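Visitor: I would like to know the reasoning behind the labels on this structure. Take me through them one at a time.

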Amino acid sequence: MVKEIDERIIQIDKEIEDIMSQECKDEAKMYVLKRERHDLIKMCKNLEPHDKVYLARHKKRPKVTEYIDAVFEDFFEQKGDALGKEDGSIFGGIALYKGLPVTVLGHRKGNDLNENLKCNFGMPGPEGYRKALRLMDQAEKFGRPIITFIDTPGAYPGIEAENNGQARAIAVNLAKMSALRVPVIAIVTGEGSSGGALAIGVANSVLMLENAVYSILSPEGYASILWKDSARSNEACSMMRLTAQDLKEFNVIDEIVPEPIGGAHLNPKAVFKMVDKYLARELEKYSKMSPDDLSRHRYKKFRTIDQKYLNII
Amino acid sequence: MKLSVNKLFKKNVKQENGEYDNVATEQKQDEKITLKEKNENSSDETLECPKCKQIFNKKDVKENMNVCMACGYHYVVSADRRIKLLVDQGSFRPLKCKVAFSNPLSYPDYEEKIKSLQEKTGLEEAAYTGVGKIDGYETVIAVLSSKFLMGSMGMAVGEKITNAFEYADRKKLPIIVFAASGGARMQEGIVSLMQMAKTSAAVEKFSTNGGLYISVLTHPTTGGVSASFAMLGDITLAEPGALIGFAGPRVIEQTIGQKLPEGFQRSEFQQEHGFVDQIVSRDKMRDTLAHILRLHCKRGK
């Protein structure tokens, strides 16, 4: 449903733009269009899981680069894994957050085709995960909190990625992140698929945007594995329970960050403000914890993350 | 040892049996062996090796540690037999960590599936853990079984593995894990994904406290298991010809739109790329493990 609404909104926006560019503006038509746009957005309540997957993957959905621009100051980008490669699908560096130095990083999908290709559509290889770990290790050295933005279709399944140890790179990140002695906050902003998402997601607090999704695998991959039919992905979306609301119930995430009706892309500024508010609150929570306690807190969180369903007899 | 991956692969494509086609093929072969063992004790049952195509008496193959006498092809071996082949007689006792069935996604027919697998394999779940002695050295041992829902890691497997590392940490014992898994368990959704973080964190804690972890990768070790505890060993061994990697071969082929090179993601490939210390055939496994344990035991036995 959201897909059709979104396509109509894009059309309306184009029509409005056309009218605006004319010398003699058709005010009446513009009013009708704006009214329709308003009504369409209002219809985007009570979304189905597959609608959320659509929004989570929306091309105009705010990206890690925009979050860093809007929420942080004085950003200094760091590149490379220092082992032989730079992987553009992980973007990160040092920045100030309300005057406090932090390390910030996330999956980068890119904003146009050229950028998409450069960052492999946000699908890191092992070099990307090693780059992320390099930045996080440094954050620990200098006592900087770490903020990660999760938005990936998954770790890249390719020959080179396998040659260079994709599995080991992800495993090492999971292990090392669990023991970091600084606060780690992860925010799922778009789609968080599989170990490729979790590899930068072992955090003290995991926040998730209202229309973001987070799952064991992409819905297409899930349908393909279980039913040998990737076309059944809508069904998989419902089966997998991948929405922020589901994950809150599962105890896998800590907080849901509200979005404007119709999705984050319709009002990015409001989203940045909201992320800022939640982030400040989480960082404040951990500011008084000792390095040992921070590491213990994270360990315990993941040790007991399945407690709602786990029953040892 | 070279594997005729191509032959295997052709056979699998025909079967169209899902994500880990090749695995399923080999597994079926192995199931035949165990089934026959149960049903009849006839000694003239034969078996065609999927690799070299030679025909052998099933009983002889079984007595040869489920390894083909001609080409060294390693058949899947059950968890309890794996342990029997490994430990000093009578030294093994299972760890108590029984996890009740739970179905977080309310996945249809999941409980029936688990129950029937429990009956068929005699295992509680896809992981089996315990403590035993290898050549006198006491060690924690965890074995995943590919016969139990492809050795996939859901809550029960994640908990058993984590529990084994925590036990080894408390008792200051080394741990040996035999991995065999298609990855995270799809039927339990995101909760399965979280087991990757849970188990990896347990390995890290154990490791920081100075514990020795030997990871043995067997056929197959992929997905969420290879991308968590299986790839975190201090020493990593692999059985010959095992499929080891992150993404399954079919997924990679679909993504890149080309056939994968022969031997891709096999043990020998992983060793060449620096991720496996030694490839160890089944008949040498016990001696090799004892050797490593000896080298880490400061005061000897």
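Guide: What follows is a set of short questions and answers on a predicted model.

Visitor: How do you know how far to trust the prediction of the complex, and which scores does the predictor give?

Guide: The predictor gives an ipTM of 0.96 and a pTM of 0.92 for the complex. Chain B has an average pLDDT of 88, and 85% of the residues score at least 70. Residues 1–40 of chain B are another matter: there the pLDDT is below 50. This stretch still has 61 contacts in the model beyond near neighbours in sequence. Where pLDDT is low, predicted coordinates should not be read in detail.

Visitor: Why is I214(B) called buried?

Guide: The cut-off is 20 or more other C-beta atoms within 10 Å. I214(B) has 22 such neighbours, so I214(B) counts as buried.

Visitor: Where does I214(B) sit, and which residues is I214(B) in contact with?

Guide: I214(B) belongs to strand 7 of chain B, residues 213–221. Beyond neighbours within four places in sequence, its contacts include P174(B), I176(B), G233(B) and I292(B). Contact here requires C-beta atoms within 7 Å. L289(B) is also among these contacts. A separate C-alpha distance concerns L293(B): I214(B) and L293(B) are 79 residues apart along the chain, with 9.1 Å between their C-alpha atoms.

Visitor: What makes strand 6 and strand 7 of chain B a pair?

Guide: Pairing needs at least two bridges. Strand 6 of chain B, residues 175–181, has six bridges to strand 7 of chain B, so the pairing criterion is met. The two strands run parallel. A179(B) stands opposite L217(B) of strand 7.

Visitor: What makes strand 3 and strand 9 of chain B edge strands?

Guide: Seven strands of chain B form an open sheet in the order 3-4-5-6-7-8-9, with mixed pairing. Strand 3 (93–94) and strand 9 (278–279) of chain B each pair on one side only, and they are the edge strands.

Visitor: What is the wider make-up of chain B?

Guide: Chain B has eleven helices and nine strands. Of its 301 residues, 51% are buried. Take contacts in chain B between residues at least 6 apart in sequence: 68% of them join residues at least 24 apart.

Visitor: Why is strand 6 of chain A said to be largely enclosed?

Guide: Strand 6 of chain A spans residues 205–209, and five of the five are buried, so the rest of the structure largely encloses it. S205(A), L207(A) and L209(A) point one way, while V206(A) and M208(A) point the other way. In a regular strand the side chains alternate between the two faces of the sheet.

Visitor: How do you know which strands pair with strand 6 of chain A?

Guide: Count the bridges. Strand 5 of chain A (residues 184–193) pairs with strand 6 over four bridges, in the parallel sense. Strand 8 of chain A (residues 255–257) pairs with strand 6 over three, also in the parallel sense. Both counts satisfy the requirement of at least two bridges. V188(A) has M208(A) as its bridge partner, and L209(A) has V257(A).

Visitor: Which residues have the most contacts inside the largest nonpolar core?

Guide: L174(A), M208(A) and I190(B) have the most contacts inside this core of 156 residues. Helix 7 of chain B (residues 190–208) gives the most to the core, with ten residues. Leaving aside neighbours within four places in sequence, L174(A) has contacts that include V202(A), M196(B) and A197(B).

Visitor: How many residues does each chain bring to the contact between A and B?

Guide: Chain A brings 45 residues and chain B brings 44. Helix 8 of chain A supplies the largest share of the chain A side, ten residues. By class, that side has 29 nonpolar, nine polar and seven charged residues.

Visitor: How many residues link domain 1 and domain 2 of chain A by contact?

Guide: The domain assignment gives domain 1 as 2–42 and domain 2 as 49–312. Four residues of domain 1 are in contact with six residues of domain 2. Helix 1 (2–21) and helix 2 (27–42) of chain A each give two or more residues to the domain 1 side. The domain centres, taken over C-alpha atoms, are separated by 34 Å.

Terms used: Residues are numbered from 1 along each chain as its sequence is written. Chains are lettered from A and ligands numbered from 1 in the order in which they are written. This is a predicted model: local features need pLDDT of at least 70, side-chain atom pairs count only at pLDDT 80 or more; totals for chains, interfaces and linings use all residues. A residue is buried if 20 or more other C-beta atoms lie within 10 Å of its own, exposed if 12 or fewer, and partly exposed in between; C-beta atoms are placed from the backbone. Two residues are in contact if their C-beta atoms, placed from the backbone, lie within 7 Å. Ala, Val, Leu, Ile, Met, Phe, Trp, Tyr, Cys and Pro count as nonpolar, Asp, Glu, Lys and Arg as charged, and the others, Gly among them, as polar. Domain bounds come from an automatic or database domain assignment. A nonpolar core is a set of buried Ala, Val, Leu, Ile, Met, Phe, Trp, Tyr and Cys residues joined through C-beta atoms within 7 Å. pLDDT is the predictor's confidence in each residue, from 0 to 100.
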